[in-house]
Amino acid sequence: MEEDVGKERILQITADGSHTLYLPDMDEHYHSVNGAIQESRHIFIEAGLKQIRKDEIRLLEIGFGTGLNAFLTLKEIMESEVKQNVIYYSVELYLLEMSVVENLNYGALAWEGHEDSFLDLHQAQWNMDVKITEQFTLHKIKGDSNSCELPRSVDLIYFDAFAPEKQPEMWNPSIFDKLYGLANEDAIMMTYCAKGVVRRSMQAAGFEMERLPGPPGKRHILRGVKHEWRKRPYQ
């Protein structure tokens, strides 16, 4: 592994039977203990991906992590009756060892018979386009989203960094300004965090914000939509 947070990762089972990783030094989980798979589906697939009505979706994820969001996105795209192509960009600084990845049970639980597809996402080369299927291209970016170059003209953003109190540098107003500038008109940004300071920062960047019901164990989540007319001066 080329980068590590320098912290022990403990494999744990969440309420829906799917795994998460626990970082004892940070007292932080990669996913909700109330159900990792159901959390990801609720926030990023149902409230995010399924709201985009385009033939080709340029998607940017902040925090590749365990690869769960990418895997569920691949599953949805491949199984949906609505034929769409996804170019999936994901930024990550701290890479997981394959020995950790191989123990995660997402393949068997979320998409039985496609366990190899989950491993394919992790084994894909970094910093280049990798065609996972005809409809799904993965481009993993190794770096810090605050400073590295990110793709432009994105239609959907999964903002899935560790919680603000654990990783405050990932939730600064400048990153939301940056993401707003990279987003297309009507682009959607999804995050599990519904804190007022996060909502206000996203709103200040230009996103039209709404609170949505959260998955089990979480009251609310946030969805932002980019409408350029909100930033234009009155004519």
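**Exercise 1. Place strand β8 in its sheet.**

Task: Which way do β4 and β8 run, and how many bridges join them?

Solution: Strand β4 (residues 56-62) and β8 run parallel, joined by four bridges. Two strands pair if DSSP finds at least two bridges between them. Helices (H or I, at least four residues) and strands (E, at least two) are DSSP runs, numbered from the N terminus. The model is predicted: local features need pLDDT of at least 70, side-chain atom pairs count only at pLDDT 80 or more, and totals for chains, interfaces and linings use all residues. Residues are numbered from 1 along each chain as its sequence is written, and side-chain values use heavy atoms, with hydrogens and water left out.

Next, take the residue level. Leu60 faces Ile157 in β8. Then turn to strand β9 (residues 183-191). Its pairing with β8 is parallel, over five bridges. Here Val154 stands opposite Ala183 in β9.

Finally, check burial (under 20% relative accessible area, with exposed over 50% and partly exposed in between; 1.4 Å probe, protein chains only). In β8 (residues 154-159), six of the six residues are buried, so the strand is largely enclosed by the rest of the structure.

**Exercise 2. Write out the strand order.**

Task: What is the order of the eight strands in the open sheet, and which strands stand at the edges?

Solution: The order is β6-β7-β5-β4-β8-β9-β11-β10, with mixed pairing. β6 and β10 (207-213) are the edge strands; each has a single partner strand, so one side of each lacks a neighbour in the sheet. On average, neighbouring strands of this sheet are turned by 20 degrees against each other, direction ignored. Axes are lines fitted to C-alpha atoms, for helices over the stretch in contact, and angles run from 0 to 180 degrees between N-to-C directions.

Now add the helices. α2 lies across β4, β5, β6, β7 and β8, at about 180 degrees to β5. Contact means heavy atoms within 4.5 Å. Helix α7 (residues 196-205) lies across β9, β10 and β11 (220-226), at about 150 degrees to β10.

**Exercise 3. Describe β7 and its residue Leu138.**

Task: How many residues of strand β7 are buried, and what does Leu138 touch?

Solution: Start with the strand. Six of the seven residues of β7 (residues 136-142) are buried, so β7 is largely enclosed by the rest of the structure. Strand β5 (residues 85-92) pairs with β7 in the parallel sense over seven bridges. Tyr89 stands opposite His139 in β7. Strand β6 (residues 129-133) runs antiparallel to β7, with four bridges. Two residues separate β6 and β7 in a hairpin. Asp129 has His139 as its bridge partner in β7, and Val130 has Leu138.

Move to Leu138. Its relative accessibility is 0%, so Leu138 counts as buried. Leaving out residues up to four places away in sequence, Leu138 touches Tyr88, Leu121, Ala124, Met128, Asp129, Val130 and Ile132. The C-alpha atoms of Leu138 and Ala124 are 7.8 Å apart, with their positions 14 residues apart in sequence.

**Exercise 4. Characterise the α2-α5 crossing.**

Task: At what angle do α2 and α5 cross, and which residues make the contact?

Solution: The axes of helix α2 (residues 68-79) and helix α5 (residues 115-123) come within 10 Å and cross at roughly 130 degrees. The two helices are therefore oblique to each other. Angles under 35 degrees count as roughly parallel, over 145 as roughly antiparallel, 65 to 115 as roughly perpendicular and the rest as oblique. The contact is made by Leu68, Ala70, Phe71 and Leu74 of α2 and Ser117, Phe118 and Leu121 of α5.
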